Amino acid sequence: MDSYEGVDKLRLGEVPDPRPGAGEVLLQIRFAALNPADAFLAQAMYPANPPLPHILGRDGVGEVLEVGSGVEHVRVGQMVGILRCKAGVETWGTLAEKTVVLAASTAPVPDGWSLEEMAGAPLVFLTAWQALTQWSDPPAPPREGSVLLVTGASGGVGAASVLLGKSMGLRVVALSRSAEKGATLKALGADFVFDPNDAKLRKNISAAIAPGKVDIVVDNVGGPLFNQVVALLGYGGRISVVGRSGGPVPEFNTASLFFRRNRIGGVAVADYTPESAGVTWQEIVDRLNAIGKRPVVDSIFAFEDVKAAFARLAQGPMGKVLVR
Ligand SMILES: NC(=O)c1ccc[n+]([C@@H]2O[C@H](COP(=O)([O-])OP(=O)(O)OC[C@H]3O[C@@H](n4cnc5c(N)ncnc54)[C@H](OP(=O)(O)O)[C@@H]3O)[C@@H](O)[C@H]2O)c1
C-alpha cells in the first residue's frame with residue numbers, strides 16, 4: 001500500500017524477507033483473510049496510520065519458518081494462525097508471502113480444522129465473543145435461552161456470533177438481506193432469519209420470539225436499522241455495537257433507552273492482550289468443537305486478485321473472504 005487512497009490502489013511488490021526479533025516468529029503465509037477494517041485503514045478511516053509503504057492483512061495462517069530468541073512454545077514447521085495483534089495495523093501484515101508476528105499471538109490450527117477455516121476465524125470470533133460476553137463482570141455468556149439478535153449476520157462477525165450464540169444455548173435471530181445467505185444461516189443454527197428490509201420486521205420478529213423479547217444484540221450494521229433494533233429490546237436488553245456497515249444512525253432518540261433500561265456498548269477487538277486472546281481463543285475452539293461447527297469460508301481468491309477479493313467483501317460475503 002503506497003498511499004491512503006483505498007484498496008484499489010494496492011500494488012503487488014517485492015520487499016526484503018522480514019526476520020523475526022526476540023519473541024517473534026516468521027511465517028510463510030498460506031492463506032490471509034480480509035476484514036472491512038483493512039479497507040478502512042487503506043482510506044485513512046481507521047485509528048492507525050502506519051508509515052508507507054504498508055502491507056495490509058490482520059488474519060492468516062502459515063507455516064513457522066524461523067523463531068526469534070526466547071520463543072519456546074512455537075516450533076519451526078508448525079502450522080499456526082494469528083490472533084488479532086499489530087500485524088497489518090502497525091506492522092506489515094498477512095497479504096504477503098512472509099510475515100513476522102509475536103509468537104504469543106499465534107495459535108496452532110485446531111485438530112481437524114482446515115487451514116482455510118483457521119485463516120479467517122480469530123479476529124471475527126474474538127470480536128463476537130467480546131460482543132456476547134461483555135455485559136457481565138467478569139465477562140460471561142448471556143443466560144441460556146436468552147434471545148440474541150444478530151444484524152449483518154452473514155458477515156464474518158455475524159456468522160461467528162450465530163455460531164457462538166448457539167454454543168451458549170441462545171435463541172438466535174439472524175438478519176440478512178439475502179434469502180440465499182439466510183438459508184445458510186439457518187443451516188448454521190439460526191432459529192429465525194429475517195430480511196432487515198422487511199416492512200413488518202418488528203412485528204414479524206416479535207411474533208417469532210413471543211412471549212420472549214430480544215435480550216442481546218450484536219450489531220454490525222447500525223444505520224436506519226438501529227432504531228428498529230432498539231425498539232425490539234426487552235427490559236434490560238443490551239446492544240453490543242460492533243460495526244456500522246449501514247452508516248450513521250438517523251434521528252436517534254435517547255428516550256428510547258429510558259423505560260426498559262436498555263444499554264448500548266461498544267466492542268473493541270483491539271482490547272485483547274496476547275494472553276487474553278489466547279485464553280479466549282481456546283474457549284472458542286472448544287465451543288465450536290462441542291457443537292460440531294467450523295468457521296465459515298465464503299470464497300478464496302488468488303494473491304494477484306486481492307482487489308477482487310476486497311470487492312467481494314464490500315458486496316457482503318457469507319463468512320470469510322480469503323486470499324491464497
Ligand atoms: N468493533 C470491532 O472491534 C470490530 C471488529 C471486527 C469488525 N468490526 C466491524 O464490524 C462490521 C462487520 O464486520 P464483518 O467482518 O462481519 O464484515 P462483513 O464480513 O463485511 O459483513 C458485514 C455484513 O453486514 C451486512 N451489510 C453490509 N452492508 C450493509 C448495509 N449497507 N446495510 C445492511 N447490512 C449490510 C451484510 O450482510 P447481508 O448482505 O447478508 O445483509 C454483510 O455480510 C464492519 O463494519 C467491521 O469494520 C468491528
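## Helices and loops of a predicted model

Glutamate 251 lies in the loop that runs between strand E10 and strand E11, where helices (H or I, at least four residues) and strands (E, at least two) are DSSP runs numbered from the N terminus. Its phi is near 45°, a positive value in a residue other than glycine. Glutamate 251 counts as exposed, with 6 C-beta neighbours inside 10 Å; a residue is called buried if 20 or more other C-beta atoms lie within 10 Å of its own, exposed if 12 or fewer, and partly exposed in between, with C-beta atoms placed from the backbone.

The model is a predicted one, in which local features need pLDDT of at least 70 and side-chain atom pairs count only at pLDDT 80 or more, while totals for chains, interfaces and linings use all residues. Residues are numbered from 1 along each chain as its sequence is written.

The loop that holds glutamate 251 also holds asparagine 253, between E10 (233-241) and E11 (263-266). Asparagine 253 is exposed, with 9 other C-beta atoms within 10 Å, and its C-alpha atom is separated by 11 Å from that of alanine 231, the two being 22 residues apart along the chain. Glycine 243, also found in the loop between E10 and E11, counts as buried because it has 20 C-beta neighbours inside 10 Å. From C-alpha to C-alpha, glycine 243 and aspartate 219 are 6.5 Å apart in space, although 24 residues apart in sequence. When neighbours within four places in sequence are left aside, glycine 243 is in contact with Pro36, Gly152, Val157, Asn220 and Val221, contact meaning that the C-beta atoms of two residues, placed from the backbone, lie within 7 Å.

Val157, one of those partners of glycine 243, leads to helix H4, where Val157 takes part in the packing against helix H3. Two packed helices are described by the angle between their axes and the distance between the axes. For H3 and H4, the axes come within 8 Å and cross at roughly 60°, the axes being lines fitted to C-alpha atoms, for helices over the stretch in contact, with angles that run from 0 to 180 degrees between N-to-C directions. That angle makes H3 oblique to H4, since angles under 35 degrees count as roughly parallel, over 145 as roughly antiparallel, 65 to 115 as roughly perpendicular and the rest as oblique. H3 passes H4 in a right-handed crossing; a crossing is left-handed if the near helix is turned anticlockwise from the far one by less than a right angle, and right-handed if clockwise. On the H3 side the residues that meet H4 are Val124, Phe125, Thr127, Ala128, Trp129, Ala131 and Leu132, and their partners in H4 are Gly156, Val157, Ala160, Ser161, Leu164 and Gly165.

H3 itself has 13 residues and reaches 18 Å from its first C-alpha to its last, close to the 18 Å expected at 1.5 Å a residue, where the expected span is 1.5 Å times one less than the number of residues. Because 12 of its 13 residues are buried, H3 is largely enclosed by the rest of the structure; among the buried residues are Pro122, Leu126 and Gln130.

Helix H8 has both a buried and an exposed side. Its 18 residues (274-291) should span 26 Å at 1.5 Å a residue, which agrees with the 26 Å between its end C-alpha atoms. Ala277, Trp281, Ile284, Val285 and Leu288 of H8 are buried. They cover an arc of only 100° around the axis, which puts them on the same side of H8, the arc being that of the directions from the helix axis to the C-beta atoms. On the other side of H8, the exposed residues are Glu275, Val279, Gln282, Asp286 and Ala290. The cover over the buried residues of H8 includes strand E5 (106-108), H3 (121-133) and H4 (156-167). After H8 comes glycine 292, with a positive phi near 65°.

A further helix pair is formed by H6 (residues 201-209) and H7 (residues 225-232), whose axes come within 10 Å and cross at roughly 35°. The contact is made by Leu201, Arg202, Ile205 and Ser206 of H6 with Gln228, Ala231 and Leu232 of H7.

Two cis peptide bonds remain to be placed. One runs from alanine 210 to proline 211, with omega near 0°, and proline 211 lies in the loop between H6 and strand E9 (214-219). Another joins leucine 52 and proline 53, with omega about 0°, and proline 53 is in the loop between helix H1 (36-41) and strand E2 (59-67).
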